[in-house]
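Biologist: I'm new to this one. Could you show it to me and let me ask how you arrive at the words you use?

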Amino acid sequence: MVTLLPADAPTDDMGYHQIDPESLSETADYPCDRRGISDAAELHALHAATYEMAPGEDLSRTYHYHETREELFYVLEGTLHVETPDGEYVVSADEVFVAEPESPHRAHNPADADKPVTVLGVGAPPTDIALPYDPDT
């Protein structure tokens, strides 16, 4: 677990964590730079991670949906594009995109984008496996 505290931080034994996502290791075999905040804080009821996507990179491994997970993507920098069966959403910095359960989506940074996009992704429950979605079927 990575816990970074300033010198003047309280030192009690309660369940607090102050984490710099940039200090975390990248998740292996992921299509973009993913840093697992929930892994570092050993969270059990919430998934949280930061994602940085260069032009042409996807946030997740596949166009997918979850049976029970609610997902929220807060765009910190850049512009996130989210493909859905209803069309594409363009989400700017300081905006949020939410995908409810059973709602297919593919979050990405288009290949022709001018710069990377950085996103904070949050979801619950944390262990709901992503199910592939094929928009052509």
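Biologist: Which strand does Leu72 lie in?

Modeller: Keep in mind that this is a predicted model. Leu72 belongs to strand 4, which covers residues 70–77.

Biologist: Why is Leu72 called partly exposed?

Modeller: Its relative accessibility is 32%. Buried means under 20% and exposed means over 50%, with partly exposed in between, so Leu72 counts as partly exposed.

Biologist: What makes a nonpolar patch with Leu72 on the surface?

Modeller: Val96 and Val98 join Leu72 there, and together they have about 220 Å² of accessible area. A patch takes residues with over 30% relative accessible area, and Leu72 has 32%.

Biologist: How do you know that strand 4 and strand 7 pair?

Modeller: Pairing needs at least two bridges. Strand 4 and strand 7 have 4 bridges, so by that cut-off they pair, in the antiparallel sense. As one example of who faces whom, Glu71 is opposite Ala99 of strand 7.

Biologist: And what is the order of the strands in the open sheet?

Modeller: The 5 strands run 1-2-9-4-7, with antiparallel pairing. Strand 1 (33–36) and strand 7 (96–99) are the edge strands, as each pairs on one side only. From one strand to the next, the twist averages 20 degrees.

Biologist: Where does UniProt place the Cupin type-2 domain?

Modeller: An unreviewed UniProt entry puts that domain at residues 51–113. Over that stretch the chain is 51% strand and 0% helix, and the end C-alpha atoms lie 16 Å apart.

Methods:
Residues are numbered from 1 along each chain as its sequence is written. This is a predicted model: local features need pLDDT of at least 70, side-chain atom pairs count only at pLDDT 80 or more; totals for chains, interfaces and linings use all residues. Side-chain values use heavy atoms; hydrogens and water are left out. Patches are made of residues with over 30% relative accessible area and no salt bridge: like charges are joined within 9 Å, nonpolar side chains (Val, Leu, Ile, Met, Phe, Trp, Tyr) within 5 Å. Accessible areas come from the Shrake-Rupley method with a 1.4 Å probe; for residues, only the protein chains shown count as cover. A salt bridge is a side-chain nitrogen of Lys or Arg within 4 Å of a carboxyl oxygen of Asp or Glu. Helices (H or I, at least four residues) and strands (E, at least two) are DSSP runs, numbered from the N terminus. Buried means under 20% relative accessible area, exposed over 50%, partly exposed in between (1.4 Å probe, protein chains only). UniProt positions are given in the numbering used here, feature names are shortened, and annotations may be inferred rather than shown by experiment. Axes are lines fitted to C-alpha atoms, for helices over the stretch in contact, and angles run from 0 to 180 degrees between N-to-C directions.
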